[in-house]
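Let's take a walk through this protein, from its overall layout down to a few individual residues. Keep the sequence and the 3D view side by side as you read.

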Amino acid sequence: MLLTKMLPTNIFGLNDWFDSLNEDVKSCDTCSPHASVSEKGGIYTLEVELPGVKKSDIDVDVQGNTLSVRAVRKKATSEIKFERAFKLSEDLNLENIDAFLEDGILSFKFVKKQSAQPHKLEI
């Protein structure tokens, strides 16, 4: 006997729950991806979740202190657009931003401008 179903999704309304998750993504013309920010050792990391998006389908712009991310996840029968903008601190060095995509997470690494770094004053 070959088991093809690992989880009986029709029990406890799970089937409806999974369908509702899929409907949320289908219902938006342009979705706002989840993002998080962290700091470690003076390096700030911004992570933007773009599941199923290829590197070639991502467009990133920095204009003034605003970082804009636009992406498209293309499937055989549908297309989902993601768009989000982030206001960046004036203390960050926007000339030297590292960006990379790995496992559906678009990551940006920022450092503070040299003038914004803490320093001691001699008295």
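What follows goes from the overall layout to the strands and then to the core.

First, some ground rules. This is a predicted model, so to speak of a local feature we need pLDDT of at least 70, side-chain atom pairs count only at pLDDT 80 or more, and totals for chains, interfaces and linings use all residues. Residues are numbered from 1 along each chain as its sequence is written, and side-chain values use heavy atoms, with hydrogens and water left out.

The protein has one helix and eight strands; these are DSSP runs, numbered from the N terminus, with helices being H or I of at least four residues and strands being E of at least two. Along the sequence, the pattern reads α-β-β-β-β-β-β-β-β.

Now look for the open sheet of four strands, whose order is S2-S3-S8-S7 with antiparallel pairing (two strands pair if DSSP finds at least two bridges between them). At its edges sit S2 (35-40) and S7 (98-102), each pairing on one side only. From one strand to the next, the twist averages 20 degrees (axes are lines fitted to C-alpha atoms, for helices over the stretch in contact, and angles run from 0 to 180 degrees between N-to-C directions). Strands S3 (residues 43-49) and S8 (residues 105-111) are held in antiparallel register by seven bridges, and one pair to find is isoleucine 43 with its bridge partner in S8, valine 111.

Next, turn to S6 (residues 79-87). It pairs in the parallel sense with S1 (residues 30-31) over two bridges, while S5 (residues 66-74) runs antiparallel to S6 and is joined to it by nine bridges. The link between S5 and S6 is a hairpin through four residues. Lysine 81 in S6 is a handy landmark: threonine 30 stands opposite lysine 81, and so does valine 72.

What about the inside? Buried residues (under 20% relative accessible area with a 1.4 Å probe, protein chains only) make up 24% of the 123 residues. The largest nonpolar core (buried Ala, Val, Leu, Ile, Met, Phe, Trp, Tyr and Cys residues joined through side-chain atoms within 4.5 Å) has 19 residues, and Leu46, Val48, Leu50, Phe86 and Phe108 touch the most other members. S3, S5, S6 and S8 each supply at least two residues of this core. Leaving aside residues up to four places away in sequence, phenylalanine 108 touches, among others, Tyr44, Leu46, Val60, Leu67 and Ile97 (contact means heavy atoms within 4.5 Å).

Note on methods:
Buried means under 20% relative accessible area, exposed over 50%, partly exposed in between (1.4 Å probe, protein chains only).
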